[in-house]
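Load the model and keep a selection panel open. The stops below go from single residues to sheet and helix packing.

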Amino acid sequence: MTPNIVECRQVTKCYGKKKALDQLDIAIPSGRITGILGPNGCGKSTLFRTLTGMVRPDAGRIEVLGKAPGWQTNRDIAYLPDRARWYPNHNARQALEWGNSFLPGFSMERAIQLTNYMDIDLDMKVGGMSRGQEARVMLILCLARDVRLIVLDEPFTGIDVISREAIVASLIDYLEDSQQSVLISTHDIQEVEGLFDYTAMMKDGRAIWSGNTEDLRAEYGSLRDVFRKMYMKEWNK
């Protein structure tokens, strides 16, 4: 296993005149639960799309799992995009059956365990679920896969506090002894900072800090406080 699950060197991606990534340099170690933090529009989602090969950078070099992103690496990546939704007329069981048929490394046994743990009724149609319940179904489709890298893009957006707490508790218990590498992007810090043992902070398409989360806490305090101090000026513009 390579020491870094992700390496970006001088990566730039533009949408028209907007630089979503601006000469991004970042290295993320393997086997860690890494929080990619930053305000909306800082480049988190674009970074994840480049890692999964959905977007090609305009300049720079990216390696994920020791290779350039593409079909070979994507077989070993479970990716949950932001605002992911499932078919409303399907029930949870059908969603898991789809995952078992089409997703490499999917374990139906593990998926059933996760639905029990996250209190999901397999016969309930997605269209009748709350946003939090649907988010859990989408998360289960990722977590039930035996892959080296799990990528979760803003998995808590639009979800009520109680559901967020339940999902975070499930993630902590499930990932505690896992050897998988996990990347989670978010700007909702308070409930999730206990997840991360490695943290990268982004602003304007660049990484402005990365390192062990405990080192950051020891120097500056909680991630929530650090986040507010680093980005308050940006929010007040």
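Select Lys44 and show what surrounds it: apart from neighbours within four places in sequence, Lys44 contacts Ile36, Leu37, Gly38, Pro39, Glu154, Ser185, Thr186 and Met202, where contact means heavy atoms within 4.5 Å. Lys44 sits in helix 1; helices (H or I, at least four residues) and strands (E, at least two) are DSSP runs numbered from the N terminus. With a relative accessibility of 4%, Lys44 counts as buried (buried is under 20% relative accessible area, exposed over 50%, partly exposed in between, with a 1.4 Å probe and protein chains only).

This is a predicted model, in which local features need pLDDT of at least 70 and side-chain atom pairs count only at pLDDT 80 or more, while totals for chains, interfaces and linings use all residues. Residues are numbered from 1 along each chain as its sequence is written, and side-chain values use heavy atoms, leaving out hydrogens and water.

Next, select all of helix 1, residues 44-51. Helix 1 lies across strand 3 (33-37), strand 5, strand 6 (149-153), strand 7 (181-186) and strand 8, and runs at about 150° to strand 7. Axes are lines fitted to C-alpha atoms, for helices over the stretch in contact, and angles run from 0 to 180 degrees between N-to-C directions.

Now show the sheet. In what order do the strands of the open sheet come? The order of its 6 strands is 5-6-7-3-8-9, and the pairing is mixed; two strands pair if DSSP finds at least two bridges between them. At the edges are strand 5 (77-80) and strand 9 (206-212), each paired on one side only. From one strand to the next the twist averages 15°.

Start at the strand 5 edge. Strand 5 pairs with strand 6 in the parallel sense over 4 bridges, and Ala78 stands opposite Ile150 in strand 6. Ile77 and Tyr79 point one way from strand 5, Ala78 and Leu80 the other way, and all are buried.

Go to the other edge. Strand 8 (residues 198-203) and strand 9 run antiparallel and are joined by 6 bridges; Lys203 has Arg206 in strand 9 as its bridge partner. Add helix 7 (residues 213-220), which lies across strand 8 and strand 9 at about 95° to strand 9.

Return to the loop between strand 5 and helix 3 and pick Ala84. Is Ala84 buried or exposed? Ala84 is buried, at 12% relative accessible area. Beyond residues up to four places away in sequence, Ala84 touches Arg131 and Met138.

Select helix 3 (residues 92-102) and helix 5 (residues 131-143): their axes come within 10 Å and cross at roughly 25°. Helix 3 and helix 5 are therefore roughly parallel (angles under 35 degrees count as roughly parallel, over 145 as roughly antiparallel, 65 to 115 as roughly perpendicular and the rest as oblique). At this contact, Ala92, Ala95, Leu96 and Gly99 of helix 3 meet Val137, Ile140 and Leu141 of helix 5.

Finally, keep helix 5 and add helix 6 (residues 161-175), whose axes are 10 Å apart at an angle of about 20°. Helix 5 contributes Gly132, Ala135, Arg136, Leu139 and Leu143 to this contact, and helix 6 contributes Ser163, Ala166, Ile167, Leu171 and Tyr174.
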